[in-house]
Amino acid sequence: MVYVTRKAHFSAAHRLFNPTFTDEANEAIFDKCNNLHGHGHNYQLEVTVAGLPDPQTGYVIDLKRLARLMDEVIVDKVDHKHLNHDVPELRGIIPTAENIAIVFWSLLEPHITEGRLYSIRLAESDNNVAEYRGEPVGALPRFEHTRA
Ligand code: NI
């Protein structure tokens, strides 16, 4: 098996909070990411596809095609958006890198027809990265975002 990875970047705003928590609890748990009017990150997305190189092309997946898919299915939806408000697929979900990676998987996976989607890594900063490999996680809780 060979693993090929394509990177993409986008910038987006979010606010981490759980409307069922008190303001004090939200601040204690989410700290700077709880800032009332949100804040931005320069996200790095890495998508890895696993497969065998095609005997005719030598490609597991044509990375130009993967790049286009990532743009169409993910980046164009989230770049320069507020993730709490502007992206229907994320509506009501606490937009941590973990949860965003899970949602991105569900958006992209049906489109991967060469090889199979192996992982989605989402870096919120140089130091913080979430990786999802498609294991079952159940339905993500959705909250009414009435306070932001
Ligand atoms: Ni943040």
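Start with the whole chain on display: among its contacts with a separation of 6 or more, 71% join residues 24 or more positions apart, where contact means heavy atoms within 4.5 Å. The model is predicted, so local features need pLDDT of at least 70 and side-chain atom pairs count only at pLDDT 80 or more, while totals for chains, interfaces and linings use all residues. Residues are numbered from 1 along each chain as its sequence is written, and side-chain values use heavy atoms, with hydrogens and water left out.

**The whole chain**

Colour the chain by secondary structure. Three helices and five strands are present; helices (H or I, at least four residues) and strands (E, at least two) are DSSP runs, numbered from the N terminus. Followed from the N terminus, the elements come in the order β-α-β-α-β-α-β-β. Along the principal axes, the C-alpha atoms fill a box of roughly 60 × 30 × 25 Å.

Next, show the surface. The accessible surface of the chain is about 8300 Å², and carbon and sulfur atoms make up 50% of that area; such areas come from the Shrake-Rupley method with a 1.4 Å probe, and for residues only the protein chains shown count as cover. Of the 148 residues, 45% count as buried. Buried means under 20% relative accessible area, exposed means over 50%, and partly exposed lies in between (1.4 Å probe, protein chains only).

**Helix α3**

Select residues 97–108, which form helix α3. Its twelve residues reach 16 Å from the first C-alpha to the last, close to the 16 Å expected at 1.5 Å a residue; the expected span is 1.5 Å times one less than the number of residues.

Why can α3 be described as largely enclosed by the rest of the structure? Ten of the twelve residues of α3 are buried, so the helix is largely enclosed. Among the buried residues are Ile 100, Ile 102, Val 103, Trp 105 and Leu 108. To see what covers them, add β1 (2–14), β2 (39–51), α2 (63–78), β4 (116–123) and β5 (129–132), which are included in the cover.

**Aromatic pairs**

Now display the aromatic side chains. The structure holds four aromatic pairs. Rings of Phe, Tyr and Trp (its six-membered ring) pair if their centres lie within 6.5 Å; planes under 30 degrees apart count as stacked, over 60 as edge-to-face and the rest as tilted.

Select Tyr 3 and Tyr 118. Their ring centres are 4.7 Å apart and their planes stand at 65 degrees, so this pair is edge-to-face. Tyr 3 belongs to strand β1 and Tyr 118 to strand β4, so that distant parts of the chain, 115 residues apart, are linked. Tyr 3 is partly exposed at a relative accessible area of 43%, and Tyr 118 is partly exposed at 21%.

Move on to Phe 10 and Phe 104. The centres of these rings lie 6.0 Å apart and the planes are at 65 degrees, so the pair is edge-to-face. Phe 10 is in strand β1 and Phe 104 in helix α3, so the pair ties together parts 94 residues apart in sequence. Are these two rings' residues buried or exposed? Phe 10 is buried at 3% relative accessibility, and Phe 104 is buried at 2%. Add Tyr 43 to the selection: Phe 10, Tyr 43 and Phe 104 form one aromatic cluster.

**Two loops**

Most residues other than glycine have a negative phi. Two residues depart from this pattern in the loops visited next.

Select Asp 31, in the loop between α1 (23–30) and β2. Its phi is positive, at about 55 degrees, although Asp 31 is not a glycine. Asp 31 is exposed at 51% relative accessibility. In the same loop between α1 and β2 is Lys 32, exposed at 71%. Lys 32 and Val 49 are 17 residues apart in sequence, and their C-alpha atoms are 34 Å apart in space.

Then select His 80, in the loop between α2 and β3 (81–82). Phi of His 80 is also positive, near 60 degrees, and His 80 is exposed, with a relative accessible area of 66%.

**Arg 116**

The last stop is Arg 116 in strand β4, partly exposed at 45% relative accessibility. Which residues is Arg 116 in contact with, leaving aside its neighbours within four places in sequence? They are Thr 48, Val 49 and Ala 50. Finally, add Arg 133: Arg 116 and Arg 133 are 17 residues apart in sequence, with 11 Å between their C-alpha atoms.
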